[in-house]
Amino acid sequence: GRVDLVLGRRIWLFALRGQVGNVMLLVNLRFDFVIVDVMAGPAALGIYAVASKYAELLRLPSDAVMWVAYPRFARGGGGAPAAARATMRRAGLCVAAGAIPLALLSLVVIPRLFGVAFAPAVLPACILLIGLAGEGVAAVAVAYLYGQGMPGMASTGVGVGVVVTVVLDLLLIPTMGIVGAAVASTAARSIRSICSR
């Protein structure tokens, strides 16, 4: 059949609005690494990177929930808001509950895997886990927004998070070091979760 340019344009715009959020999410996840490196140095960055990657283990179930829920919400029908609320509660509780054992295990796992020199990564990892505990709720909210054809709203929440990360990093890293970076990232994630709902 013929190429439907109107449909192609709609698909392209939908993807573009969602992709802006994906790029901003990557910026939010890694731009603080650049700021930590510039403001606190490469040794602090190495410790912060270990803390961050350890804490991001909690993102795995959230990402899975998002990609499973998205097609369900995209099918349409009047039940999508109620299904999103129910899924949000379950995913939110499961992911938040997962933060507790990860925080406790960080006391042993980080020094054992990386050595005693990386023991200072434990506190930032635990702070980052607090922010990541809300990712289950945010993942369902993003899946719902994508499924309902509103990826731009999800991207807006991520954009707000980037601004919060940069501002708080610049304010907190000079006095608190990598703990300040972890607090900034946790605040940004919390604000992103609120904006996505």
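A residue is called buried when its relative accessible area is under 20%, exposed when the value is over 50%, and partly exposed in between. The close-up views below all come from a predicted model.

**View A. Arginine 189 and glutamate 135 form a salt bridge between two helices.** In this pair, the closest N and O atoms are 3.9 Å apart. Arginine 189 belongs to helix α8 (residues 178–196) and glutamate 135 to helix α6 (residues 135–147), so the bridge ties together parts of the chain that are 54 residues apart in sequence. Are the two partners buried or exposed? Both arginine 189 and glutamate 135 are buried. Salt bridges with shared partners join these two residues with Arg30, Lys53 and Glu56 in one network.

**View B. Glutamate 56 makes salt bridges with arginine 30 and with lysine 53.** The total for the structure is five salt bridges. In the pair of glutamate 56 and arginine 30, the closest N and O atoms are 2.8 Å apart. This pair links distant parts of the chain, 26 residues apart: glutamate 56 sits in the loop between α2 (42–55) and α3 (59–74), and arginine 30 in helix α1 (residues 5–40). In the pair of glutamate 56 and lysine 53, the distance from N to O is 3.4 Å. How accessible is glutamate 56? Its relative accessibility is 9%, so glutamate 56 counts as buried. Arginine 30, at 27%, counts as partly exposed, and so does lysine 53, at 48%.

**View C. Glutamate 56 has contacts with residues beyond its sequence neighbours.** The view is centred on the loop between α2 and α3, where glutamate 56 is found. Which residues does glutamate 56 touch, once its neighbours within four places in sequence are left aside? They are Leu29, Arg30, Leu132 and Arg189. Of these, Leu132 is one of the buried residues of α5.

**View D. Phenylalanine 33 and tyrosine 48 form an edge-to-face aromatic pair.** A pair of aromatic rings is described by the distance of the centres and the angle of the planes. A search of the whole structure finds six aromatic pairs. In the pair of phenylalanine 33 and tyrosine 48, the centres are 5.7 Å apart and the planes are at 70 degrees. Phenylalanine 33 lies in helix α1 and tyrosine 48 in helix α2, so the pair ties together parts that are 15 residues apart in sequence. Both residues are buried. The ring of phenylalanine 33 has a second partner of another kind: the charged end of arginine 30 sits over this ring, 4.7 Å from its centre.

**View E. Phenylalanine 73 and tyrosine 144 also form an edge-to-face pair.** Here the distance is 5.9 Å centre to centre, with 70 degrees between the planes. Which helices does the pair link? Phenylalanine 73 is in helix α3 and tyrosine 144 in helix α6, and these positions are 71 residues apart. Phenylalanine 73 has a relative accessible area of 1%, which means that the residue is buried. Elsewhere, ring pairs link Phe14, Trp67, Tyr70 and Tyr146 into a cluster.

**View F. Helices α4 and α5 run roughly antiparallel to each other.** The axes of helix α4 (residues 80–114) and helix α5 (residues 122–132) come within 9 Å and cross at roughly 170 degrees. Angles over 145 degrees count as roughly antiparallel, and α4 and α5 are therefore described in that way. On the α4 side, the contact is made by Val95, Ala99, Leu102, Ala103, Ser106, Leu107, Ile110 and Pro111. On the α5 side, the residues are Val122, Ala125, Cys126, Leu129 and Leu132.

**View G. Helix α5 is largely enclosed by the rest of the structure.** How many residues of α5 are buried? Eight of the 11 are, and this is why the helix is described as largely enclosed. The buried residues are Val122, Pro124, Ala125, Ile127, Leu128, Leu129, Gly131 and Leu132.

**View H. Serine 190 is a partly exposed residue of helix α8.** Its relative accessible area is 33%. Serine 190 and glycine 46 are 144 residues apart in sequence, and their C-alpha atoms are 24 Å apart in space.

Technical notes
Residues numbered from 1 in each chain as written. Predicted model: local features only at pLDDT ≥ 70, side-chain atom pairs only at ≥ 80, totals over all residues. Heavy atoms only, no water. Salt bridge = Lys/Arg side-chain N within 4 Å of Asp/Glu carboxyl O. Helix = DSSP H or I, 4+ residues; strand = E, 2+ residues; numbered from the N terminus. Buried < 20%, exposed > 50% of the residue type's maximum accessible area, 1.4 Å probe, protein only. Phe/Tyr/Trp six-rings, centres within 6.5 Å; stacked < 30°, edge-to-face > 60°. Lys NZ or Arg CZ within 6 Å of the ring centre and 35° of its normal. Axes fitted to C-alpha atoms, helices over the stretch in contact; angles between N-to-C directions. Parallel < 35°, antiparallel > 145°, perpendicular 65-115°, else oblique. Contact = heavy atoms within 4.5 Å.
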